[in-house]
Amino acid sequence: MKDMIIEVTDLTKSYNRKRVVKKINFSVQKGEIFGILGPNGAGKSTTLEMIEALRPIDGGKVTLNGIDVASEPSKIKHIIGIQLQSTSFANRLTLVEQLNLFASLYGETIDAMKLLKKVQLTDKAKSYVEQLSGGQKQRLSIARAVLRQAPFLILDDATSALDTITESRLLKAIREN
């Protein structure tokens, strides 16, 4: 299966002896947009956090592009862009400053206005995060996830707080990225 870029085999995670991820198996092909669906508390975010090397794997195996997540987590962190379910932003920085700051953490320079255009936030470029609606904050979070143009983009609840028109536009922008 040479075109499989993500392979998850018997993935498990427990908290206080309660198994929250129970031997999950799936694979994702190159170019595929893949979603994990389920009710609140089903382990979706925990699964993504293990794939992203943000949470230890209790059992099973995850590989991204042939890299074992458990044994080489630092390599994983260099090839993914992530949008977490809950995101914090720096206080008292404009949206442009937020994106430039995040890019600088990776030693990169970006065109912040181009990114804001992708997520329909150019009119808020000089605004502070506290002035944004929930959906606008979500779009900023997605802009931050795609700014590195990493080969893997993992989004957790990416479309929550978005109206259907904005959701459709954002998914198109993500596909084009």
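Let me start with a rule, since I'll lean on it in a minute: two rings of Phe, Tyr or Trp count as a pair if their centres lie within 6.5 Å, with planes under 30 degrees apart called stacked and planes over 60 called edge-to-face. Thanks for coming, everyone. Please keep in mind that what you see above is a predicted model.

By that rule, how many aromatic pairs does the count come to? The count is 2. Take Phe-26 and Phe-34 to begin with. Their ring centres sit 4.7 Å from each other and the planes make an angle of 20 degrees, a stacked arrangement. Are the two partners buried or exposed? Phe-26 has a relative accessibility of 16%, so it counts as buried. Phe-34 comes out at 37%, and therefore it is classed as partly exposed.

The other pair is Phe-102 with Tyr-106. Here the planes meet at 70 degrees with 5.4 Å between the centres, which means the pair is edge-to-face. Tyr-106 is partly exposed, because its relative accessibility is 38%. Both of these rings also have an arginine over them. Arg-144 lies over the face of Phe-102, 4.9 Å from the ring centre. Over the ring of Tyr-106 you find the charged end of Arg-148, and that distance to the centre is 4.0 Å.

Let me go back to Phe-34 for a moment. Where is it found? Phe-34 is in the loop between E2 and H1. Leaving out residues up to four places away in sequence, Phe-34 touches Phe-26, Ser-27 and Val-28. There is also a long-range relation to point out: Ile-154 is 120 residues away from Phe-34 in sequence, yet their C-alpha atoms are 9.5 Å apart in space.

Now let's zoom out to the whole chain. The protein chain has 6 helices and 6 strands. Reading from the N terminus, the order is β-β-α-β-β-α-β-α-α-α-β-α. For the overall dimensions, the C-alpha trace spans about 45 × 30 × 30 Å along its principal axes. Does that look like a globule, or what would we expect for one? For 177 residues, a compact globule would have a radius of gyration near 16 Å, and the 17 Å of this chain agrees with that.

A few more totals for the people who like totals. Of the 177 residues, 40% are buried. If you take the contacts between residues at least 6 apart in sequence, 59% of them join residues at least 24 apart. The chain exposes about 10600 Å², and 47% of that is supplied by carbon and sulfur atoms.On to the inside. The largest nonpolar core holds 21 residues, and those touching the most other members are Ile-6, Ile-51, Val-62, Leu-64 and Ile-76. Which elements supply at least two residues each to this core? They are strands E1, E2, E3 and E6, together with helices H1 and H2. The largest share, 4 residues, comes from E1.

Ile-6 is a good place to click on. Setting aside residues up to four places away in sequence, Ile-6 touches Phe-26, Ser-27, Val-28, Thr-63, Leu-64 and Phe-152. Phe-26 should sound familiar, as it is one of the rings in the stacked pair with Phe-34. Apart from this core there is a second, separate one of 17 residues, with Leu-115, Leu-132, Ala-143 and Leu-147 among them.

Next, helix H1. How many of its 8 residues are buried? The count is 8 of 8. They include charged and polar names such as Lys-44, Ser-45 and Glu-49, along with Leu-48, Met-50 and Ile-51. The cover over these buried residues includes E1, E2, E3, H2 and E6. Just after H1, Ala-53 takes a positive phi of about 65 degrees.

That brings me to backbone angles, my last topic. Asn-16, which is not a glycine, has a positive phi of about 50 degrees. Asn-16 lies in the loop between E1 and E2. Its relative accessible area is 79%, so Asn-16 counts as exposed. Lys-23 is another residue other than glycine with a positive phi, near 50 degrees. Lys-23, however, lies in strand E2.

That's my tour, and I'm happy to go back to any of these spots on the screen.

Note on methods: Residues are numbered from 1 along each chain as its sequence is written. This is a predicted model: local features need pLDDT of at least 70, side-chain atom pairs count only at pLDDT 80 or more; totals for chains, interfaces and linings use all residues. Side-chain values use heavy atoms; hydrogens and water are left out. A nonpolar core is a set of buried Ala, Val, Leu, Ile, Met, Phe, Trp, Tyr and Cys residues joined through side-chain atoms within 4.5 Å. Buried means under 20% relative accessible area, exposed over 50%, partly exposed in between (1.4 Å probe, protein chains only). Contact means heavy atoms within 4.5 Å. Rings of Phe, Tyr and Trp (its six-membered ring) pair if their centres lie within 6.5 Å; planes under 30 degrees apart count as stacked, over 60 as edge-to-face and the rest as tilted. A charge sits over a ring if NZ of Lys or CZ of Arg is within 6 Å of the ring centre and within 35 degrees of the ring normal. The radius of gyration is taken over C-alpha atoms; the globule rule is 2.2 Å times the number of residues to the power 0.38. Accessible areas come from the Shrake-Rupley method with a 1.4 Å probe; for residues, only the protein chains shown count as cover.
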